[in-house]
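This report goes through selected local features of one protein chain, residue by residue. Please keep the sequence and the 3D view open while reading.

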Amino acid sequence: MTIVTCSLSLSSLKARRKKFQYRIINNNDRISKLPDELLHDILSRLSTKEATLKNHRGPLESCIIHHYLSQCKNGTLDSWINIATRMKDTKDLTLVNHSYHGINERYQAKILLRLRQDAFSHHSLTSLSLCRFSLSGPRAFRNCSNLKTLKLVNSFITQGTVLTNVLAACPSLEVIVLRVSSLTQGDVLKIENNNLKFLQVSYAYEIEKIEVYAACLDVLDLKVIKREEEDFILAAPNIRQFKRDYWVCSSYAHLSYNVSYLAQGKKNIWHALMVSESDFIHMSRRGSFSVSLDVTNSKEVEILKEVLLMWNTREMTELENLFKNNNATNGRAHEKLWEDAKPFPNAVFCVSVVRMYNFDGSNEEEVALASHFVMQKTVTKKMMIEISSSPQEKKIEVEAVVAKLMQLPKGNEDLSIECF
């Protein structure tokens with residue numbers, strides 16, 4: 001049986017409640033007194049048959065369809081997708097394939113799930129998640145300029161060009177999440193999108209070369225992938241500003257994060273997903289982190305805190321901090337966040353090595369952050385401050401600050417502080 005989990009609009013919930021009230025025979029009407037949130041929870045747990053999806057009034061905010069291979073072959077799945085998108089104007093659609101239960105993984109990959117052409121092209125659909133799918137081509141993704149978010153989770157592709165073509169068919173994507181494997185070794189994955197803000201890639205087995213061309217990319221999240229320098233081409237100015245290519249010849253994960261765009265206004269959906277959804281943090285965050293930060297901007301510091309909290313159960317390998325000194329001051333961040341008695345971001349977080357670039361010894365907030373890291377047991381092994389690219393006057397100033405940092409009471413006795 002196909003199971004559909006729906007998130008309904010408020011008007012639809014109220015109409016549904018009135019329908020329930022009409023059917024009640026006795027005068028002990030308790031359903032009408034239930035809060036909308038509880039009604040939503042009850043309806044979301046019903047099967048397709050029990051929910052009678054077609055009869056719901058109003059649009060669907062989200063819909064999750066759990067299905068089997070037979071329902072794909074006989075057109076049932078296509079029908080449900082059509083109802084959810086074209087009849088119910090669903091914004092967020094998730095398809096979960098249960099056909100693979102108990103089947104060998106390599107055999108799973110050969111079970112291709114074919115959907116009708118333009119299946120996901122309806123204008124209302126902005127977010128699509130496919131779990132345990134095997135894709136052989138972009139047929140279902142044609143004319144998908146409506147999609148802003150695409151997640152392919154625990155899925156297979158016949159070859160790298162298939163995924164390249166799927167992504168090319170969705171030019172408006174801002175969020176891409178890929179946990180995919182390929183049937184063909186030596187594949188090349190090419191992602192070219194000028195609207196892309198967030199890219200997460202995990203478990204890219206058999207894909208030996210990845211090319212990313214994304215002028216607006218602000219977040220690059222690489223998990224469990226290892227590439228030589230020539231096998232990972234990145235053309236993304238907001239990410240390339242960082243000094244170190246942590247993803248090159250590295251067996252651990254890396255996250256590059258440009259905070260400025262978020263701090264300019266309302267937080268984007270991909271930041272909310274990063275710090276809250278279990279789909280993104282289903283496993284403890286590990287590896288290294290690169291961040292570009294204006295420490296005089298309290299909004300940016302608060303965003304940094306939220307991201308660092310994702311490492312609350314593991315020690316971060318390295319933190320690369322690129323300070324920005326040319327932004328307008330927006331409050332004094334350290335007065336609230338970097339008090340001596342208040343660990344930042346909390347008492348659990350720690351990092352093995354910190355590298356600071358563009359450090360300004362005359363900037364009180366930057367010095368306050370460095371001092372806080374030294375005294376609060378935040379850095380366990382080494383704090384490194386880059387001065388090699390600074391003019392001579394600035395080198396002398398920063399070296400004087402480093403000397404003062406060395407005199408502070410260290411949270412970790414073995415901590416070393418040095419310039420490079």
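Phenylalanine 289 is buried, with a relative accessible area of 0%. In this predicted model, tyrosine 257 is likewise buried, and its relative accessible area is 0%. The structure holds four aromatic pairs. In one of them, the ring centres of tyrosine 257 and phenylalanine 289 are 6.3 Å apart and the planes stand at 70°, so the pair is edge-to-face. The angle decides the label because planes over 60 degrees apart count as edge-to-face. Tyrosine 257 belongs to strand 13 (residues 254-258) and phenylalanine 289 to strand 14 (residues 288-293), so the pair ties together parts that are 32 residues apart in sequence.

**Helix 13 and its ends**

Helix 13 covers residues 364-375, twelve residues in total. From its first C-alpha to its last it reaches 16 Å, close to the 16 Å expected at 1.5 Å a residue. How many of the twelve residues of helix 13 are buried? Nine are, and the helix is mostly covered. The buried residues of helix 13 are Glu365, Glu366, Ala368, Leu369, Ala370, Ser371, His372, Phe373 and Val374.

At the start of helix 13, asparagine 363 has a side-chain oxygen within 3.0 Å of the backbone nitrogen of glutamate 365. Just after the helix, lysine 377 takes a positive phi of about 65°.

**Leucine 415**

Leucine 415 sits in the loop between helix 14 (392-406) and strand 18 (416-419). Is leucine 415 buried or exposed? Leucine 415 is buried, at a relative accessible area of 2%. Leaving aside residues up to four places away in sequence, leucine 415 touches Val374, Val379, Thr380, Lys381, Lys382, Met383 and Lys410. Val374 is also one of the buried residues of helix 13. For methionine 383, the C-alpha atom is separated from that of leucine 415 by 7.5 Å, and the two residues are 32 residues apart along the chain.

**Backbone features in loops**

Two residues that are not glycine, aspartate 89 and arginine 132, have a positive phi. The table sets out their values.

| Residue | Phi | Loop | Relative accessibility |
|---|---|---|---|
| Aspartate 89 | about 50° | between helix 5 (76-87) and strand 3 (92-97) | 31%, partly exposed |
| Arginine 132 | about 65° | between strand 4 (127-131) and strand 5 (134-135) | 26%, partly exposed |

A further backbone feature concerns a proline. Which form does the peptide bond from phenylalanine 344 to proline 345 take, cis or trans? The bond is cis, with omega near 0°. Proline 345 is placed in the loop between helix 12 (334-337) and strand 16 (351-357).

**Helix 7 and its cover**

In helix 7 (residues 160-168), the buried residues are Gly160, Val162, Leu163, Thr164, Val166 and Leu167. What covers these buried residues of helix 7? The cover includes strand 5, strand 6 (149-157), strand 7 (175-182) and strand 8 (187-192). Strand 5 also bounds the loop that holds arginine 132.

Terms used
Residues numbered from 1 in each chain as written. Predicted model: local features only at pLDDT ≥ 70, side-chain atom pairs only at ≥ 80, totals over all residues. Heavy atoms only, no water. Phe/Tyr/Trp six-rings, centres within 6.5 Å; stacked < 30°, edge-to-face > 60°. Helix = DSSP H or I, 4+ residues; strand = E, 2+ residues; numbered from the N terminus. Buried < 20%, exposed > 50% of the residue type's maximum accessible area, 1.4 Å probe, protein only. Expected span 1.5 Å × (residues − 1). Polar contact = N/O pair within 3.5 Å; in protein donor to acceptor, adjacent residues only side chain to side chain. Contact = heavy atoms within 4.5 Å.
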